[in-house]
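Hi,

Here is the structure I promised to pass on. Have a look at it first, and then read my notes below with the picture open beside you.

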Amino acid sequence: MPTRVQFESLIVEGSSEWRALSNESSYCQNKFSNNHFDIETVINAGIRPVSICTDRSVTGMLGVEKIKLLKDMFSLDNMWETITKDLTTEPKNFVVGWNDHFFVLKLELHVCYIIDSYGSRLFRGCNQAYMLKFDDSSVIYSTDRQILCTGKDCCKEYMRKFLSSNIVMKLEKEYKRGYIQLPYLYEKLQVDMNYMCLNAPSPVSSSSTSSYDAPSSLQL
């Protein structure tokens, strides 16, 4: 994991790359007028030698247990079970896309991390990037100090109870009143957990320059 100084440097570099991409009129005028790029656009721009391993990525919905219309959808519990099974000493790195923003989810055998540049997701008014660590010592309590969750699964419950609970509650009320339909729920609650791979450099010959092809696991 990056040190504080390295993390700050990554944020500065990422902001610079984002501004450069924002200045590309072909992106901003045609599809992303709010500069909220999808992950495919960022990857296709070739900013870093990474790719999405689609066979190891998962997509699902938040709020499945709350909104009746979503009851048959792939839930956060389903996604978590899928991405945490068969963990080894080799980390799994995901870029999680939800509601026009992204954060990094890193899974290791005994610990997992959330790395996010959007501080308001941590608490209202926060304007700083943050990293959260969840391991065997992690505990989530209820308001009456009852233990709700322990261990690495606290990461999943953080996503359910802190990242998304407010918007799920709001959409649940609006859905019951008949104000919204399924397409809008997809827009606000769909979660894409994109498994990221680092493209391995091809051997360099005397007559060619290096390129990137076969992906390997991305290390943070």
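**Strands, helices and salt bridges**

Let's start with one pair of residues: Phe94 stands opposite Leu105 in β4. Keep in mind as you look that this is a predicted model.

The partner strand here is β3, residues 92-98, and seven bridges join β3 to β4, residues 101-107. The two strands run antiparallel. They form a hairpin with two residues between the strands, and in that hairpin Asn99 takes a positive phi near 55°.

Now follow the chain onwards from β4. A second hairpin, this time through four residues, joins β4 to β5. Strand β5 covers residues 112-116, runs antiparallel to β4 and is joined to β4 by four bridges. If you want a pair to find on screen, try Val104, which stands opposite Ile115 in β5.

While you are in this region, look for Lys106 and Glu108. These two form a salt bridge, with the closest N and O atoms 3.4 Å apart. Is Lys106 buried or exposed? Lys106 is buried, because its relative accessible area is 3% and the cut-off for buried is under 20%. Glu108, at 22% relative accessibility, counts as partly exposed.

**Two helices with a buried face**

Next, the helices. Helix α1 takes in residues 4-22, which makes 19 residues. From its first C-alpha to its last, α1 reaches 27 Å, close to the 27 Å expected at 1.5 Å a residue. Phe7, Leu21 and Ser22 are buried in α1. Looking down the axis of α1, you'd see the buried residues fall within an arc of 95°, so they line one face of the helix. Turn to the face of α1 that points away from the buried side, and you'll find the exposed residues Val5 and Val12.

You can do the same exercise with helix α7, residues 182-189. Which residues are buried in α7? They are Leu185, Lys188 and Leu189. Down the axis of α7, the buried residues fall within an arc of 80°, so these too line one face of their helix. Pro183 and Glu187 are exposed, on the other side of α7.

Tyr184 also lies in helix α7. With a relative accessible area of 34%, Tyr184 is partly exposed. Try a distance here too: Tyr184 and Leu171 are 13 residues apart in sequence, and 9.4 Å apart in space from C-alpha to C-alpha.

**Salt bridges across the chain**

How many salt bridges does a search of the whole structure find? It finds twelve, and a couple of them deserve a look.

In one of them, the side chains of Glu13 and Arg48 meet at 3.4 Å, N to O. Glu13 lies in helix α1 and Arg48 in the loop between α3 (39-44) and β1 (50-52), so the pair ties together parts that are 35 residues apart in sequence. Glu13 is partly exposed, with a relative accessible area of 37%. Arg48 is partly exposed as well, at 41%.

In another, the side chains of Arg160 and Asp77 meet in a salt bridge at 2.5 Å, N to O. This pair links distant parts of the chain, 83 residues apart: Arg160 is in helix α5 (residues 153-163) and Asp77 in helix α4 (residues 76-84). What about their surroundings? Arg160 is buried, with a relative accessible area of 17%, whereas Asp77 counts as partly exposed at 34%.

There is more to see around that pair. Arg160 and Asp77 belong to a network of salt bridges that also links Glu65, Lys156, Glu157 and Lys161.

**A patch on the surface**

One last thing to find. Val139, Tyr141 and Ile147 make a nonpolar surface patch of about 260 Å². Of these, Tyr141 has its place in strand β7, residues 139-141. Tyr141 is partly exposed, with a relative accessible area of 37%.

If you'd like a way in, begin with the hairpin of β3 and β4, and then go on to the salt bridge of Glu13 and Arg48.

Have fun with it!

How values were computed:
Residues are numbered from 1 along each chain as its sequence is written. This is a predicted model: local features need pLDDT of at least 70, side-chain atom pairs count only at pLDDT 80 or more; totals for chains, interfaces and linings use all residues. Side-chain values use heavy atoms; hydrogens and water are left out. Two strands pair if DSSP finds at least two bridges between them. Patches are made of residues with over 30% relative accessible area and no salt bridge: like charges are joined within 9 Å, nonpolar side chains (Val, Leu, Ile, Met, Phe, Trp, Tyr) within 5 Å. Accessible areas come from the Shrake-Rupley method with a 1.4 Å probe; for residues, only the protein chains shown count as cover. A salt bridge is a side-chain nitrogen of Lys or Arg within 4 Å of a carboxyl oxygen of Asp or Glu. Buried means under 20% relative accessible area, exposed over 50%, partly exposed in between (1.4 Å probe, protein chains only). The arc is that of the directions from the helix axis to the C-beta atoms. The expected span of a helix is 1.5 Å times one less than its number of residues.
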